[in-house]
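Let's take a walk through this structure together, pockets and buried charges included. Have a look at it first, and then we'll start with one of its pockets.

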Amino acid sequence: MARARGARAQMALAFESVYGTPPSAGAFWKMPFASSGLGSEQPLLESELLGFGRDPLPPLQDAISADGDIVVPIDARYLGIWLKALFGEPTTTGASAPYSHEFQSANWAIPSFAVETGMPEVPHYAMCPGCKANSINWTMQRSGLVTATVNVIAQGEDTAGSSVAGTLEQMALQRFSSFNGSIKRGGSQLANVVSGQITYGNNLERVETIREDGKIDGLEEAMAMLSGEITVRFADHTLLDAAVNGTPAEFAFGYQIDADTTFTLTAHAVYLPKPKQTIEGPGGVEATFAWQAAQTAGGGRMATATLVNDVANYDNPNNA
C-alpha cells in the first residue's frame, strides 16, 4: 500500500468566476509551496446528558470549518497570484516585458479562488472551493530563505480519488533572496535595521448560515490592516523622534534582483510607537518599533504592492 509523501504533493490554484464554483480543468496554476495546512475539520461535541450511567453517550458532529496557512516562496512570478488574492485585480502597465503590476489596498471586494491539494500515492485530492486570502505575513532579515505565510479561508472541502484540475500551467520559479531586500523610509535606505516583519490582513468574516451541506455562504471583507515590527540597532534618534512626535512616514519593503524583477510593498503612512529602551548586556542595544499603517491625509490608500516581472497578466491560464 502506497503512503502519502510531501515530496510528491502538488497544489493547484485558479480564480473563480462564481463564488464556490471551481473553474474547469485547465484553468489552474501549479503552485510552489513549502507547507500547507489548508483543509476542513469537523470537531465532535461531547454529550452533556445524564441518567445513562458513567459511560458517556455518543458524541455529535459540530460545524465544519475549512481554513489553514500556506507557506509560499516570495518570488518574481507566482507572488502575483497571491497578491491578486489579497488585494484584488492589479493595474498592469507595459506593452511587453517587463510588466508592472500594481495592487492597491482598500478594494471593496477581493476575488475568490479554488485550491486543490493532491497526494497521488493514495490517491487523495482535496478541492477547497470558495477560498479567499485572509492575510499574509513575512519576515525580512539578513540571511535565510524568503517565504511568506498566507492564511486562507475556504467555503468547504470536497475530496476525490483523481484530480479535477487538469493540466496545470507552470511558470519558471525565480525566488528573491534575503540579500535582495531593503527597507526604506521616505525614499531613503533605513540604516541599522536588524529585521523587519510585515503583516497585511483583510479581516475576513465568515457568513455562517444554516445549510444542509455544512458549508458557509461566503466571506466578507472587514477593515484592512497593515502592521509589523522593525528592530534596529539604537544609533540615532530618527525613528524615536518620529514616534514621540507621532509623525507618519512612507515605508517601502522591497526585493530587487534587477531593474526588471522587483517587488515592493509601500505603506504610505506608517505610525511608530515609542518603545521602551532596554539594555540586556554588554552588547549592542536594540529597539523594536511595532508600527501600524493607515490611510494618508486626505483619504489616500494605505498601501500599494508593485510587482515587476515578465508575466503579462494574472487571469486564469486558459483566459490569458
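Strand S16 gives the most to the lining of the second largest pocket, with four residues. Before going further, a word on what you're looking at: this is a predicted model, where local features need pLDDT of at least 70 and side-chain atom pairs count only at pLDDT 80 or more, while totals for chains, interfaces and linings use all residues. Residues are numbered from 1 along each chain as its sequence is written, and side-chain values use heavy atoms, with hydrogens and water left out.

Back to that pocket. A pocket here is an open set of points on a 1 Å grid over the protein atoms alone, with protein on both sides within 12 Å along at least five of seven lines; a cavity is a set of points where a 1.4 Å probe fits but cannot get out, and lining residues have an atom within 4 Å of a point. Grid points are joined across faces, edges and corners, and a volume is the space filled by probe spheres set on the points. The second largest pocket holds about 230 Å³ of space. Its lining has 13 residues, and Gln141, Arg142, Gly181, Val193 and Val194 lie nearest the centre. Strand S14 (181-185) and strand S16 (193-201) are the elements that give two or more residues to this lining. Helices (H or I, at least four residues) and strands (E, at least two) are DSSP runs, numbered from the N terminus. By type, the lining of the second largest pocket divides into five nonpolar, seven polar and one charged. In that count Ala, Val, Leu, Ile, Met, Phe, Trp, Tyr, Cys and Pro are nonpolar, Asp, Glu, Lys and Arg are charged, and the others, Gly among them, are polar.

Now for the largest pocket, with about 510 Å³ of space. It is lined by 24 residues, with Ala106, Ala222, Met223, Ala224 and Met302 nearest its centre. Helix H1, strand S19 (225-233) and strand S22 (286-293) each supply at least two residues of the lining, and S19 gives the most, with three. Here the split is 13 nonpolar, nine polar and two charged.

H1 (residues 79-87) deserves a stop of its own. Is it covered or not covered? Mostly covered: nine of its nine residues are buried, meaning under 20% relative accessible area, with exposed being over 50% and partly exposed in between (1.4 Å probe, protein chains only). Trp82, Lys84 and Phe87 are among the buried ones. Lysine 84 counts as buried because its relative accessibility is 4%, and its side chain meets that of glutamate 89 in a salt bridge (3.1 Å, N to O). A salt bridge is a side-chain nitrogen of Lys or Arg within 4 Å of a carboxyl oxygen of Asp or Glu. Right after H1 comes glycine 88, whose phi is positive, near 105°.

The whole structure has ten salt bridges. One of them joins glutamate 221 and lysine 132, whose closest N and O atoms are 2.8 Å apart. That pair links distant parts of the chain, with glutamate 221 in strand S18 and lysine 132 in strand S11 (residues 124-140), 89 residues apart. Glutamate 221 counts as partly exposed, at 23% relative accessibility, whereas lysine 132 is buried at 9%. The side chain of lysine 132 also reaches the backbone oxygen of leucine 219 at 3.3 Å.

Next, follow the chain to the loop between strand S17 (204-207) and strand S18 (218-221), where you'll find lysine 215. Its relative accessibility is 17%, so lysine 215 counts as buried. The side chain of lysine 215 makes a polar contact with the side chain of aspartate 158 (3.2 Å). A polar contact is a pair of N or O atoms within 3.5 Å; within protein, one must be able to donate a hydrogen and the other to accept it, and residues adjacent in sequence count only if both atoms are side-chain atoms.

Finally, there is one cavity of 30 Å³ or more, with a volume of about 40 Å³. Gln155, Gly156, Gly214 and Ile216 are among the residues that line it.
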